[in-house]
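Morning, everyone. I have one structure to walk you through today. Please look at the screen.

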Amino acid sequence: MNKTAAVAALVLLAAFASGCTTMPGREALESTTAILPAAREPGVPRDGRAEFRRLFCDIARRDGVAAADDPDCTEWLWRLADEPPAPAQIELASAPGRLRWFIVTGALGDCFGEDSLPFREGIRRLAMQGRSVETVLVSGRSGTQHNARQIAGAIRAAGLAPSARLAVMGYSKGAVDILQLLADEPALAARVAAVVSLSGPITGSSLADRGAWIHDHLLANTFADRCDPGDGGMVDSMRTEVRLRWLADHPPPEHVRYFSLAAFPTWDRMARGLKTGWRLLAAEDVRNDGQVTVGKAMLPGSTLLGYANSDHWGLTLTVENALPYIAGRQDDRQYPQAQLLEAIIRYVEGAVDGPGGSRGASGSPDVSASGGSSGS
């Protein structure tokens, strides 16, 4: 997107904003409580925040990205008022787990080269550890059915053994593309052990509800010089009405373990190009990342991993390299994406393939000193 088009897009979106909502301070945000995913089985807790925090912090301290005066890594992961106490220390094992990982790109994910790809550095580091993590680049401007076919093709082209078990992680719209894959490809779905949503518009986004007309009439050609237009279904597939109706008609398969991680930032970590989106969504919930509210980012029946102190782009992308003005932030420190990715993968591997398949009382992995959370 050239600068003129980007500024025009922001001005057009701003016309839909109501008032000048101010972001609450950090203390006010921390005093809120979690929105837990809807449980598929009555009475089953789905809160994995304490276990995940401990694992993330161990990795962050190992890599020197956690401050000495921040033992719970609250600089990077919000600790809300209702988070349970952290468990005992986790011993990290180095052996890779038994899942084959695929990460699906989000909306406009093919528009800005490598800076649009989630967790680039994290994937490279995990490869050095012997973990196989592949990126599935889907059409950034297409709808879910089109992209589900692309995901299926990429998995089949990977040449996996028939017994291989899959874990699929979706960033942003990639998460709803994965849900479409599970519905459209039952043979592949049977091999999927885990699905992770990272700020996915699982039950839609009010920005898509407001933005369909703008996209269809004014912005359809904005990215013509950057990426293929695909089938044009990107925005419509994220509308709240569409997502709720789809979920009602397509209950997620029960054999899959689901995990959700959402985000909302302090104002100094909000990219310029996402501030208008934040204001639009703030009428619904100030805890939003500029694209989706935390409540709408929850996969049904999933374990809540936590809330990152990040905007939508900063969670996994380095798009500020391609769009330094639009994606610029007052606090220009990069979110510890590589550490976040490693923590997610080790947590999920522990939940799915821990010793004896054991889980903690909260439906989370066994986080004893045996290293069960690492999936070794």
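Start at Ile35. Leaving aside residues up to four places away in sequence, Ile35 touches Asp285, Arg287, Val294, Gly295, Met298, Leu304 and Tyr307. Keep in mind that this is a predicted model.

Where does Ile35 sit? In the loop between helix 2, residues 26-30, and helix 3, residues 49-62. Now look at Ala297. Along the chain, Ala297 and Ile35 are 262 residues apart, yet their C-alpha atoms are separated by 9.8 Å.

Is Ile35 buried or exposed? Neither label fits: its relative accessible area is 28%, so Ile35 counts as partly exposed. Buried would need under 20%, and exposed over 50%.

Next, the sheet. Six strands make an open sheet, with parallel pairing. Read the order as 2-1-3-4-5-6. Which strands are at the edges? Strand 2, residues 133-136, and strand 6, residues 303-308; each of them pairs on one side only. From one strand to the next, the twist averages 20°.

Stay with strand 6. Its partner strand 5, residues 257-263, runs parallel to it, and the two pair over five bridges. Within that pairing, Phe259 stands opposite Thr303 of strand 6.

Over to the other edge. Helix 5, residues 144-157, lies across strand 1, strand 2 and strand 3. Helix 5 runs at about 145° to strand 2.

Last, the whole chain. The protein chain has eleven helices and six strands. It has 376 residues, and 56% of them count as buried. Among contacts with a separation of 6 or more, 81% join residues 24 or more positions apart. The chain exposes about 14,600 Å², with carbon and sulfur atoms supplying 54% of that.

Note on methods. Residues are numbered from 1 along each chain as its sequence is written. This is a predicted model: local features need pLDDT of at least 70, side-chain atom pairs count only at pLDDT 80 or more; totals for chains, interfaces and linings use all residues. Side-chain values use heavy atoms; hydrogens and water are left out. Helices (H or I, at least four residues) and strands (E, at least two) are DSSP runs, numbered from the N terminus. Buried means under 20% relative accessible area, exposed over 50%, partly exposed in between (1.4 Å probe, protein chains only). Contact means heavy atoms within 4.5 Å. Accessible areas come from the Shrake-Rupley method with a 1.4 Å probe; for residues, only the protein chains shown count as cover. Two strands pair if DSSP finds at least two bridges between them. Axes are lines fitted to C-alpha atoms, for helices over the stretch in contact, and angles run from 0 to 180 degrees between N-to-C directions.
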